[in-house]
Amino acid sequence: MRQLNLLKNRQAQQLVEFAIVIPILMIIIFIVVEFGAAINSRMTLAEAVKSSMMEINKLGSIDGSTADKEAFVKDYIQNKVIQYLLNHNIPNSGSVEAKVTYIPMTNTAVVFVSYDYVPYFMISGLLGNTV
């Protein structure tokens, strides 16, 4: 009889330990998956921008004023990046915004592209929103 009570006590102890440990393990797993998804989104966005910039370089000269050129490059990059993200199943692809600034002294342009990352799990406070 004593052995039966001892076995029940051990099982109860194991159940309590499991109930304490499993939420912590689940949170760690969610954080790892979320972090991996955020890194994947960031790397895919960088590859999309690089790919669209190579296509812009192949276009050669773009006719028009500086404002027209900036608007064309902005729209072109933004559309190409959205298309690339959609092809790679990245969520919230429509939130891509591009900004182009022309530097006349060096005859170059600076391109900034932003994307609002949407977390898979509701742990958004840990990673932020913009990738």
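Trainee: Which residue's side chain meets the side chain of lysine 80 in a salt bridge?

Mentor: First, a heads-up: this is a predicted model, where local features need pLDDT of at least 70, side-chain atom pairs count only at pLDDT 80 or more, and totals for chains, interfaces and linings use all residues. Residues are numbered from 1 along each chain as its sequence is written, and side-chain values use heavy atoms, leaving out hydrogens and water. A salt bridge here is a side-chain nitrogen of Lys or Arg within 4 Å of a carboxyl oxygen of Asp or Glu. Lysine 80 fits that rule at 3.5 Å, N to O, and its partner is glutamate 55.

Trainee: How many residues apart in sequence are the parts that lysine 80 and glutamate 55 tie together?

Mentor: Helices (H or I, at least four residues) and strands (E, at least two) are DSSP runs, numbered from the N terminus. Lysine 80 lies in helix H2 and glutamate 55 in helix H1, so the parts that the pair ties together are apart in sequence by 25 residues.

Trainee: Is lysine 80 buried or exposed, or in between?

Mentor: Buried means under 20% relative accessible area, exposed means over 50%, and partly exposed is in between (1.4 Å probe, protein chains only). Lysine 80 has a relative accessible area of 34%, so the label is partly exposed.

Trainee: By the salt-bridge rule, what is the count?

Mentor: Besides the pair we just met, the side chains of lysine 50 and glutamate 47 meet at 3.5 Å, N to O. Those residues sit three apart in helix H1, so they are separated by about one helical turn. The count of salt bridges comes to two.

Trainee: What pattern does the chain follow along the sequence?

Mentor: Start with the parts: there are three helices and two strands. Put in sequence order, they read α-α-β-β-α.

Trainee: What is odd about the phi of asparagine 89?

Mentor: Most residues other than glycine have a negative phi. Asparagine 89 is in the loop between helix H2 (66-87) and strand E1 (97-103), and this residue is exposed, at 66% relative accessible area. Though not a glycine, asparagine 89 has a positive phi, about 55°.

Trainee: And which phi value does asparagine 92 have?

Mentor: Asparagine 92 lies in the loop between H2 and E1, and is partly exposed at 32% relative accessible area. Again it's not a glycine, yet its phi is positive, at about 60°.
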